[in-house]
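Let's work through a few exercises together. Keep the sequence and the 3D view open as you go.

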Amino acid sequence: MGDRPSLREQVVEEVEKVVEKVDEEVEDDEEVEEVVEVINFGAGPSKLPRPVLLQAQREMLDYQGLGISVMEMSHRSAEFSRIMKNTEGLIRDLLGVPSNYRVLFARGGGSGQFSAIPLNLLGRSGSAGGDFMVTGSWSFKAAQEARKYGAVRLAHEPLQEYTRVPLDVIVSEDASYLYYCSNETIHGVEFRQPPRHATDVPLVCDMSSNFLSRPVDVGQFGVIMAGAQKNVGCAGVTVVVARGDLLGHALGPCPVVMDYGTLAREGSLYNTPPCYSIYIMMLVLEWIRLNGGAEGMEAQNVAKAETVYSAIENSEGFYSCPVERDSRSRMNVPFRLPSESLERLFLEGAASLKFLGLKGHRSVGGVRASLYNAVSLSDAEKLAGYMEAFRLRHQDHC
Ligand SMILES: Cc1ncc(COP(=O)(O)O)c(C=O)c1O
């Protein structure tokens, strides 16, 4: 009886066993991490800068000595107000947002804005509708949604395929707005410049997949909107940059949480905002600032895109990109191989190298490499190296 361990001793022994097992697993994980570096080429949600994740990890349990995480603090606290203010300030500085524009933090993603845009803009001019450039699936969806609230008119010749940006834009004088998507994430079609048109019709842009990947002249736009989860953070928050005179004209049925006027008046705090997503966005924006701002991002993005497009161009036709040269996206590079079976093999090989997210969108197939801000030039070079090696091995057999 006296030799049997007490209950306490039994519990201690059990805990020691568990701790030992966890330690072994952690050691195994560390070993694996040293060898295998994952590269995320996903189209969104997508790669975040490592320093951002590490800072979020450090601050997870105790944000700046408060003893709680950002997820647990009141959205009306002084600390969270500072986060909101910093985030807005960074967007203003990085994009050079003029003082007559408001920066709003909305929810509902890019798709929510497909509804919010007509609901906020159709009422101002008394016009029955908006003009649209449809250059891929996302602008097509936006036009479909806008049709629920008013007329939708195509501002260019219809495109047979989504492989280029249309050159000629014809805007109706009485349109409430001209809408376009600056980067079609699925088709890899990107505008080099905003569409030119000789009217005062406000230009509205979905920049979800190239926001802050390059400088833009905000003064050319009526409204810019972008979901955060590609270039500036994680899903949950959508940035809206809107010219002041376009606010406050929402149609009666516009849900209050989508009303730009209400969001502006309440400092994006009409209701609980996506606090943690805004905090992550602030960290990403700081990382962008430290890495050369929008100009620095552009320089990197040009180099990365050139690396991958060169691997396509120099492949003697083994790889092909359906998009015309002048409209090719720096952010999303879609390409095909000679057969679907080779595409499957390519993706399997990529997965074994821990290159993630390279499968083309289910609606178009093929391969798509997304090269958002956090993807480094060295990541792009590794992908190009794999493309070259794969081609050399398989080219003769097709
Ligand atoms: C250009 C573009 N616009 C809109 C959306 C829709 O965004 P969300 O999923 O946040 O509604 C996406 C999603 O990937 C996108 O790439």
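**Exercises with worked solutions**

The chain has 10 helices and 13 strands, taken as DSSP runs numbered from the N terminus (helices H or I, at least four residues; strands E, at least two). This is a predicted model: local features need pLDDT of at least 70, side-chain atom pairs count only at pLDDT 80 or more, and totals for chains, interfaces and linings use all residues. Residues are numbered from 1 along each chain as its sequence is written.

**Exercise 1.** Find the residues around the ligand and the helix that gives the largest share of them.

*Solution.* Start with the list: G44, G109, G110, S111, W138, C181, T185, D206, S208, S209 and G227. Each has its C-beta atom, placed from the backbone, within 6 Å of the ligand. Next, look for the helix: α4 (residues 109-125) supplies three residues, the largest share.

**Exercise 2.** Check the length of α4 against its expected span.

*Solution.* The rule is 1.5 Å times one less than the number of residues. For the 17 residues of α4 this gives 24 Å, and the end C-alpha atoms are 26 Å apart, so the two agree.

**Exercise 3.** Where does α4 bend?

*Solution.* Go to S115, where α4 bends by about 30°; the angle is between axes fitted to the seven residues ending there and the seven starting there. Then step onward: a proline, P118, follows within four residues. Just after α4, finish at G126, which takes a positive phi of about 70°.
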